[in-house]
Amino acid sequence: MTTSSPNWNKSSWQSRTALQQPNWPDRKKYDEVLSSLSLLPPLVFAGEIRELKKMLAKAVDGQAFLLQGGDCSEEFAGCTAPNIRETLKVLLQMAVILTYAGGKPVIKVGRIAGQYAKPRSSDTEMVNGVELPSYRGDMANSCLPDPVARIPDPERMLKGYFLSAATLNLLRAFTRGGFASLQRVHAWNQEFVKQSPMGRSYERLAKQLNQALNFMETIGISTDIPQLKEAQFFTSHEALFLGYEESLTREDSTTGGWYDCSAHMLWIGDRTRQIDGAHIEFLRGVLNPLGMKIGPKHDLDDILAIIERLNPDNEPGRITLITRFGSKTIDKYLPPLIRGVKKAGLQVVWCCDPMHANTFTSASGRKTRNFDEILSELRCFFELHWSEGTIPGGVHFELTGENVTECIGGARELADEHLNLNYLSTCDPRLNAEQSLEMAFQIAEMIRS
Ligand code: TRP
Ligand code: MN
């Protein structure tokens, strides 16, 4: 599929109901911002998007594996070199662990460079007894508990665009400029992780990899090649604020197809995927690979109809189903979904988000997740797919390279009383670097080829 859908244009979503949009009070400013955005350069290029789709098509057949991860929601203030570098490092480490064990390419997709918009269950929220407009992500308003800071400001979309560009610029520099070279695998291990059991396991793997590369050099095979020196890395975010997404949607001059050039991959949340809604209408016409989150409340026929709407040609690589059922109920919800999708003959990447349905409020009142429950959902995901004869093609994590204390459990046995030590997320709790590595080693055991 190279051309876009019939009766679609980048504004056709506007005649449908768009849920989860900020109440922009200043419409004039909103329109001005969108028209500025539509003149600014695309953040990614259509050829890269096609490349990602090709790789995802391989994950459909089990010839590649998807690793998607990053913050729940990025913050403007978090757009710093150390933050970007540390997140990239963890993802590269996880990718190496998974590539080594699984014996197939790992498709690296960050929740980064644009993950600034959040769906909320209500338009207002109570903060310290005061009712405020809900925080909808830095691209809409500020998370500060102040009624004025909570008013959605369209200028924030422009800022989000420029910070996405700055983030992508550094990611491209790191992944193309030598930082991500496989010769440097040791250098991605963070100081605070090195002395931990996970850090040491990682060091062992890195050493083996170095030995293999040295061996190649010794016998005269050049290691001065882009396959080793550069990493392929892609960006993704939830396609939520449709005005923003529309203004970054461009026609590819070489093929005539339309691409949402705000990121390589976009996903659609569990709360905005109504078949006749604006989000599905917008996404059906852009040619990017699409993720679709599926939680316990889904209806099978509805899911099948949405996939048909988004991917009428059943093109492999177009659709990734990101299931999020929770460790206790995945065995109830996943098998019927697998069977329904299989029976309909739909080509999809099956990806597990083991984070979102395992969230709870701890005794101390912090929103958290338990490492063991995350791992347990992952295990069930793999086992259920294997027993149904389908392919577990990827994983989706909320993680950070920082030494945060947001999820409990893991090798260091973080407990409820540790959550306050370094809880930084303004949204959902993330795995820290060490917990992320541990997760990768556990998955490696499951997929070892
Ligand atoms: N170019 C390959 C890739 O991007 C191999 C590679 C280079 C790599 N650097 C990496 C793999 C860092 C994982 C992590 O997959
Ligand atoms: Mn989240």
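A helix axis here is a line fitted to C-alpha atoms over the stretch in contact, and angles between axes run from 0 to 180 degrees between N-to-C directions. With that in hand, look at the structure above. It is a predicted model.

**Helices H3 and H6**

Start with helix H3, residues 81–102, and helix H6, residues 197–218. Their axes come within 11 Å and cross at roughly 65°. Angles of 65 to 115 degrees count as roughly perpendicular. H3 and H6 are therefore roughly perpendicular to each other. Their crossing is left-handed. Which residues of H3 and H6 meet? On the H3 side they are Gln93, Val96, Ile97 and Tyr100. On the H6 side they are Tyr202, Leu205, Gln208 and Leu209. By class, this contact of H3 with H6 holds 6 nonpolar residues, 2 polar residues and no charged ones.

**Helices H6 and H13**

H6 also packs against helix H13, residues 433–447. The angle is about 55°, and the axes are 9 Å apart. That makes H6 oblique to H13. The crossing is left-handed. H6 brings Met198, Ser201, Tyr202 and Leu205 to the contact. H13 brings Glu434, Leu437, Glu438 and Phe441. Sorted by class, the contact of H6 with H13 has 5 nonpolar, 1 polar and 2 charged residues. Tyr202 and Leu205 of H6 appear in the contact with H3 and in the contact with H13.

**Helices H10 and H11**

Now move to helix H10, residues 300–310, and helix H11, residues 330–343. Their axes come within 10 Å and cross at roughly 40°. H10 and H11 are therefore oblique to each other. Their crossing is right-handed. Leu300, Ile303 and Leu304 of H10 touch Pro336, Leu337, Gly340 and Val341 of H11. The contact of H10 with H11 divides into 6 nonpolar residues, 1 polar residue and no charged ones.

**Ligand 1**

What surrounds ligand 1? The residues around ligand 1 include Leu92, Ala95, Val96, Lys108, Ala180, Leu182 and Trp188. Further along the chain, Gln227, Leu228, Glu230, Ala231 and Gln232 also belong to the surroundings of ligand 1. Val96 has two roles in this picture: Val96 of H3 meets H6, and Val96 is among the residues around ligand 1.

Three of the ligand's polar neighbours are set out below.

| Atom of ligand 1 | Partner in the protein | Distance |
|---|---|---|
| Oxygen | N or O atom in the side chain of lysine 108 | 2.8 Å |
| Nitrogen | Polar backbone atom of alanine 180 | 2.8 Å |
| Nitrogen | Polar backbone atom of glutamine 227 | 2.8 Å |

Side chain or backbone: which part of lysine 108 faces the oxygen atom of ligand 1? It is the side chain. For alanine 180, a polar backbone atom is the partner. For glutamine 227, the partner is also a polar backbone atom.

Definitions and conventions. Residues are numbered from 1 along each chain as its sequence is written. Chains are lettered from A and ligands numbered from 1 in the order in which they are written. This is a predicted model: local features need pLDDT of at least 70, side-chain atom pairs count only at pLDDT 80 or more; totals for chains, interfaces and linings use all residues. Side-chain values use heavy atoms; hydrogens and water are left out. Helices (H or I, at least four residues) and strands (E, at least two) are DSSP runs, numbered from the N terminus. Angles under 35 degrees count as roughly parallel, over 145 as roughly antiparallel, 65 to 115 as roughly perpendicular and the rest as oblique. A crossing is left-handed if the near helix is turned anticlockwise from the far one by less than a right angle, and right-handed if clockwise. Contact means heavy atoms within 4.5 Å. Ala, Val, Leu, Ile, Met, Phe, Trp, Tyr, Cys and Pro count as nonpolar, Asp, Glu, Lys and Arg as charged, and the others, Gly among them, as polar. A residue is near a molecule or strand if one of its heavy atoms lies within 4 Å of it. A polar contact is a pair of N or O atoms within 3.5 Å; within protein, one must be able to donate a hydrogen and the other to accept it, and residues adjacent in sequence count only if both atoms are side-chain atoms.
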